[in-house]
Amino acid sequence: MIRFPWQKKKPSIPAAPWERLLTYPCAVMQGIGSRQLQEDACALVNAEDVTRIGREGLLAAVADGMGGMQGGAQASSLGISVLTADFPLLDRTQPLEPQLAGCIDHAGEEVYKLLLGAGGSTMIACILYEQKLHYAGVGDSFLYLLRGGELIRVNREQNTRKNR
């Protein structure tokens, strides 16, 4: 089992659910690969604010511009902008996954308006809220969970709206 410094056993102190873990260890790392331009965009929202994590949750998202099509970088950047703008408006008393899927649909609509269907982006997004993981996505971007030193793929490829 892989252990990281932040996983050391700490004394148990009763607290509200979002206060059990004051913050989540988060990082963003990108690589261009064989392409000449970076067409990906990503976001971490509330990662350093425990109060907002408790109120809204932590949003993590990646949009991967479609290489070979025009405007991949624009599509992924706009998609992330729309998603992060919609995130605070979610109703935390209702199921989050359908709302998150709606945010991704909204982002897709805005990208379509911008590029008139000539480009696009995949997107995977998750919200950690009240110690639960909620996610939605479209395309071939995957979400992985690290458990017991093993990476486990959480979602399946979603290339059509019907697969959600």
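This report walks through the fold, helices, salt bridges, loops and surface of a predicted model.

## Overall architecture

Let us start with the whole chain. The protein has three helices and six strands. Read from the N terminus, its elements follow the order β-α-β-α-α-β-β-β-β.

Of the 164 residues in the protein, 32% are buried. Among contacts with a separation of 6 or more, 56% join residues 24 or more positions apart. The protein exposes about 10,500 Å², and carbon and sulfur atoms supply 55% of that area.

## Helix α2

Helix α2 covers residues 72-86. With 15 residues at 1.5 Å a residue, α2 should span 21 Å, and the 21 Å between its end C-alpha atoms agrees with this.

Which residues of α2 are buried? They are Gly72, Ala75, Ser76, Gly79, Ile80, Val82, Leu83 and Asp86. Because these residues cover an arc of only 165 degrees around the axis, they sit on the same side of α2. Their cover includes strand β1 (residues 40-45), along with β2, α3 and β3.

## Helix α3

Next along the chain is helix α3, residues 96-115. Its 20 residues should span 28 Å at 1.5 Å a residue; the end C-alpha atoms lie 29 Å apart, which agrees.

The buried set in α3 consists of Leu96, Leu100, Ala101, Cys103, Ile104, Ala107, Val111 and Leu115. The arc they cover around the axis is only 155 degrees, so they fall on the same side of α3. On the other side of the helix, Pro98, Tyr112 and Lys113 are exposed.

What covers the buried residues of α3? The cover includes strand β2 (58-65), helix α2, and the strands β3 (121-129) and β4 (132-138). Helix α2 is thus part of the cover for α3, and α3 in turn is part of the cover for α2. Strands β2 and β3 appear in the cover of α3 and also in that of α2.

## Two salt bridges

The count of salt bridges comes to two. One of them joins the side chains of Arg52 and Glu56, at 3.2 Å from N to O. Both residues belong to helix α1 (residues 50-56), and because they are four residues apart there, about one helical turn separates them. What about their exposure? Arg52 has 30% relative accessibility and so counts as partly exposed, whereas Glu56, at 11%, counts as buried. The cut-off for buried is under 20% relative accessible area.

Another salt bridge brings together the side chains of Glu110 and Lys113, again with an N to O distance of 3.2 Å. This pair lies in helix α3, three residues apart, or about one turn of the helix. Glu110 is partly exposed at 24% relative accessibility, and Lys113 is exposed with a relative accessible area of 57%. Lys113 is also among the residues found on the other side of α3 from the buried set.

## Positive phi in two loops

Most residues other than glycine have a negative phi. Against that background, two loop residues invite a look at the backbone. Leu116, just after α3, takes a positive phi of about 55 degrees. The loop between α3 and β3 holds this leucine, and Leu116 is exposed, with a relative accessible area of 68%.

Where is Gln131 found? It is in the loop between β3 and β4. The phi of Gln131 is near 65 degrees, a positive value in a residue other than glycine. At 38% relative accessibility, Gln131 counts as partly exposed.

## A nonpolar surface patch

Finally, a look at the surface. Which residues make the nonpolar patch? Tyr144, Leu146 and Leu151 make it, and its area is about 320 Å².

Leu146 belongs to strand β5, which runs over residues 144-147. With 43% relative accessibility, Leu146 counts as partly exposed.

Note on methods: Residues are numbered from 1 along each chain as its sequence is written. This is a predicted model: local features need pLDDT of at least 70, side-chain atom pairs count only at pLDDT 80 or more; totals for chains, interfaces and linings use all residues. Side-chain values use heavy atoms; hydrogens and water are left out. The expected span of a helix is 1.5 Å times one less than its number of residues. Buried means under 20% relative accessible area, exposed over 50%, partly exposed in between (1.4 Å probe, protein chains only). The arc is that of the directions from the helix axis to the C-beta atoms. Contact means heavy atoms within 4.5 Å. Accessible areas come from the Shrake-Rupley method with a 1.4 Å probe; for residues, only the protein chains shown count as cover. Patches are made of residues with over 30% relative accessible area and no salt bridge: like charges are joined within 9 Å, nonpolar side chains (Val, Leu, Ile, Met, Phe, Trp, Tyr) within 5 Å. A salt bridge is a side-chain nitrogen of Lys or Arg within 4 Å of a carboxyl oxygen of Asp or Glu.
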